[in-house]
Amino acid sequence: MRIRTTKTLGQRVDRTYIGKLFAIPLWRRILTAGSLAIVFGWLGLYAVTRNQTPYTAGALTTSHAFLGKHCADCHGEKGGIGIKVADKQCASCHDAPLHNTEQVTVPACIQCHVEHRGEMRLAGATDQGCVACHSNLKTRSGKLNVAAGVDSLSDHPEFRAVAAGTDPVGIKFNHAKHVGDLSQKCGDCHTPQGLAAAGPGKHVLARALMTIPTYAGTCMPCHALNFDDKVSDPAPHEKPEVIHEFVSAALTKYISAHPGDLGKDGTPGNAVAWVKFRVDSDEKQLWGTTCARCHDMQTAGPSGLPVVPPAKVEARWFTRASFDHGAHQGLTCASCHPKAATSTMASDMLLPGIATCQSCHNASRISSGNTCSTCHVYHDWSKEKGVDGKFTIDKMTGLAGRPHA
Amino acid sequence: MRIDATHKGWAIATIGILAVATIGYLPYSLFYPGGPTGNTWPGLIYGVLGYAMMLFAGLLGARKKRPLWRIGRAKVWMRGHLWLGALSLPMILFHAGFAARGPLTFVMTILLVVVVLSGIVGAMLQHYLPARIMAEVPLETIYEQLPVVREQLREEAGAIVGRLCARPEFAAATASTYETGRVGVLEAGDEETVDLTEQERANLWHVFTTGIVPFLREPESKESPLANAIKARLYFEALRRQCPASVHEALNDLESICDEERQLTRQRRMYLILHSWLLVHVPLAVTLLVLGAIHAVVAIRY
């Protein structure tokens, strides 16, 4: 009979087994060495080509993609715990003017422009950076000309122009008559044109702004400045002095060609007197009716001609923000400008208020497009000066040594 | 290692640390300008804590190689490895802001997840399997000694049958084996040759060489009826019916040897299940620690 005791079971063990490497521990070591060899091989291949891509904290935006192989291009040569990309590194390629000379603190570039997040828009800063100051705004001088307690779009104050209540345009215009009685469409006079309408300034979207309706381009087809049945050409849309010269010259030219009209219908028989007679009559019609239809003709000046206050048609109401009509072309005009159809005076404020914007741009209805940067830009681009580039094509594409700030 | 009530302190501490880390992470992720990343101060703190936990977990391997060093009890090291190793995953995820955007960090995140998951699988196996092995393999031996023990079982079987069949070359092994004391084989008096006819010896030898020896040579082959406990019992019952009662004791010993072989087969399979996860866990954990160190150096550098 087999005898099975702990002692006999223990005695059958080969005591020299300790120190020998058996299958599982052996394979554990082999696999560990293999795993390390793979990662060192991987990193080594990049190291040989001086490519630091594996160590990147994430893909760079397309515009910075060429910098991805060399960390020091942005991060500098001296590192350390808590050391961030310095503003001067950004400034070597970008001129980004200060937000406002009154601002108390100036955030570092990287606070808003977060890199290594792939293809997201680099300038699409979050609200956190804005709210950090604007929720309790302080200025160097202590004076404020913008709202002080804005935490989100729902706190946004009314637009300055809308709050003023009237449009200081300085002309007369009856939207109701044109849109209602004459069945004109908004697009007959207003088209998104963007930069051309914006005038000086940069960083305005291509179709952001509406064109300024001009007399020549918009009104003249229906409202030609005809002044005399003897002259077919209308008067130019110019200052009264220019119009006066034009009318006088046109009638002088006419009577020279038609001397038989002298003395007819009670007119003077002398050419000079005839011209003066007709000019006085025509200008009375022009100043009193034709021009006065749109302009507030003021008392005659020293020359005896009336003074016409200049029209102040705003091309860009939002001087601190951007608005893109093109991006909103899917909406009817009346959706945002409902008063236009009933407005009888050009001084009526037809600009929609912030509430109209908030009806779509709020967190509950549109998941995106309700941040500060949807409408506002941080930098005051009017002060942009530009930079002198530092890269050559070879350096930029990594074929040659790279500059370091 | 069983995960039982004695782990309560570690479990509470782990949940507490995780709760504090999570409470700290929420405002950090919501309000920190630019969002949570590894290079912010809170992110760095999470990263350092996470890597320290990984490092402690990794040092268990070194601790095992120095069992005599007075640097804490092995049980504490094992529990620390288990709980802090698991806790390192959320800490590193907090560190990275639940993102892995770079190639190296992506690889490290995958490694960390695989290491922690394989560790959890290993902990579960270590919790359940040892008890099963103890119940199902009472004759368990040292895994690395399986080939040696199996060789001894073959010798022992050969000695028993050699004595019954009057084969001195096999019977000699009996004395040799007995004298070494490696195996308890026979009781005193059993050394005498059993009285069997030539035909019975021939039959028994045939059964031994065609049925038992092939099984003992390849105990893990399922082709032999002896690989199955029920079939083996029927096999030996039939054998006993064909042999005189005087050899039944020896046949019982042969049956016992076959049963021990099956237990060793079961032990080997359970052992492989119990330890094969380490083939994933350990290499990837070592690689992760090395890559973590590289990542830390490069991140501090830039």
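**Exercise 1. The interface of chain B and chain A**

Task: Determine how much area chain B and chain A bury between them in this predicted model, and which residues of chain B supply most to it.

Solution. Step 1: The two chains, B and A, bury about 4500 Å² between them. Carbon and sulfur atoms account for 60% of that area.

Step 2: On the side of chain B, Arg101(B), Leu279(B) and Tyr302(B) supply 15% of the area buried against chain A, more than any other three residues.

Step 3: In terms of residues, chain B brings 59 to the contact and chain A brings 48.

**Exercise 2. Polar features and helices at the interface**

Task: State how many salt bridges and how many residue pairs in polar contact are found between chain B and chain A, then describe the side of chain B that touches chain A.

Solution. Step 1: The rule for salt bridges finds 0 across this interface. Polar contact between chain B and chain A is counted for 3 residue pairs, both residues being at pLDDT 80 or more.

Step 2: Several helices of chain B each supply at least two residues to the side that touches chain A: α1 (8-31), α2 (41-65), α4 (103-136), α5 (146-164), α9 (248-276) and α10 (278-301). The helix that gives the most is α10(B), with 13 residues.

Step 3: By residue class, this side of chain B divides into 33 nonpolar, 15 polar and 11 charged residues.

**Exercise 3. The build of chain B**

Task: Describe the secondary structure of chain B and the share of its residues that is buried.

Solution. Step 1: Chain B has 10 helices and 0 strands. Its elements, read from the N terminus on, therefore run α-α-α-α-α-α-α-α-α-α.

Step 2: Of the 302 residues in chain B, 43% are buried.

Step 3: Among contacts in chain B with a separation of 6 or more, 74% are between residues 24 or more positions apart.

Step 4: One pair distant in sequence is Pro138(B) and Glu260(B), which are 122 residues apart in sequence and 9.0 Å apart in space, C-alpha to C-alpha. Pro138(B) sits in the loop between α4 and α5 of chain B. Setting aside neighbours within four places in sequence, Pro138(B) is in contact with Ile133(B) and Gln263(B). With a relative accessible area of 57%, Pro138(B) is exposed.

**Exercise 4. Glu283(A)**

Task: Decide whether Glu283(A) is buried or exposed, and find which side chain it joins in a polar contact.

Solution. Step 1: Glu283(A) belongs to helix α13 (residues 271-290) of chain A.

Step 2: Glu283(A) is buried, yet has no salt bridge. The nearest side chain of opposite charge is that of Lys276(A), 8.9 Å away. A salt bridge requires a distance within 4 Å, so Lys276(A) does not form one with Glu283(A).

Step 3: The side chain of Glu283(A) does make a polar contact of 2.5 Å with the side chain of His244(A).

Step 4: Beyond its neighbours within four places in sequence, Glu283(A) is in contact with His244(A), Gly288(A) and Leu305(A).

**Exercise 5. Positive phi in chain A**

Task: Explain what is notable about the phi of Arg50(A) and of Ser183(A), and where these residues lie.

Solution. Step 1: Most residues other than glycine have a negative phi.

Step 2: Arg50(A) is not a glycine, but has a positive phi of about 55 degrees. Ser183(A), also not a glycine, has a positive phi of about 55 degrees.

Step 3: Arg50(A) lies in the loop between α2 (23-48) and α3 (72-75) of chain A, and Ser183(A) in the loop between α8 (175-181) and α9 (186-189).

Step 4: Arg50(A) counts as exposed because its relative accessibility is 67%, and Ser183(A) counts as exposed because its relative accessibility is 55%.

Terms used:
Residues are numbered from 1 along each chain as its sequence is written. Chains are lettered from A and ligands numbered from 1 in the order in which they are written. This is a predicted model: local features need pLDDT of at least 70, side-chain atom pairs count only at pLDDT 80 or more; totals for chains, interfaces and linings use all residues. Side-chain values use heavy atoms; hydrogens and water are left out. Contact means heavy atoms within 4.5 Å. Buried area is the accessible area (1.4 Å probe) that two parts lose on being put together, summed over both. A polar contact is a pair of N or O atoms within 3.5 Å; within protein, one must be able to donate a hydrogen and the other to accept it, and residues adjacent in sequence count only if both atoms are side-chain atoms. Helices (H or I, at least four residues) and strands (E, at least two) are DSSP runs, numbered from the N terminus. Ala, Val, Leu, Ile, Met, Phe, Trp, Tyr, Cys and Pro count as nonpolar, Asp, Glu, Lys and Arg as charged, and the others, Gly among them, as polar. Buried means under 20% relative accessible area, exposed over 50%, partly exposed in between (1.4 Å probe, protein chains only). Lys and Arg count as positive and Asp and Glu as negative; His and the chain ends are not counted.
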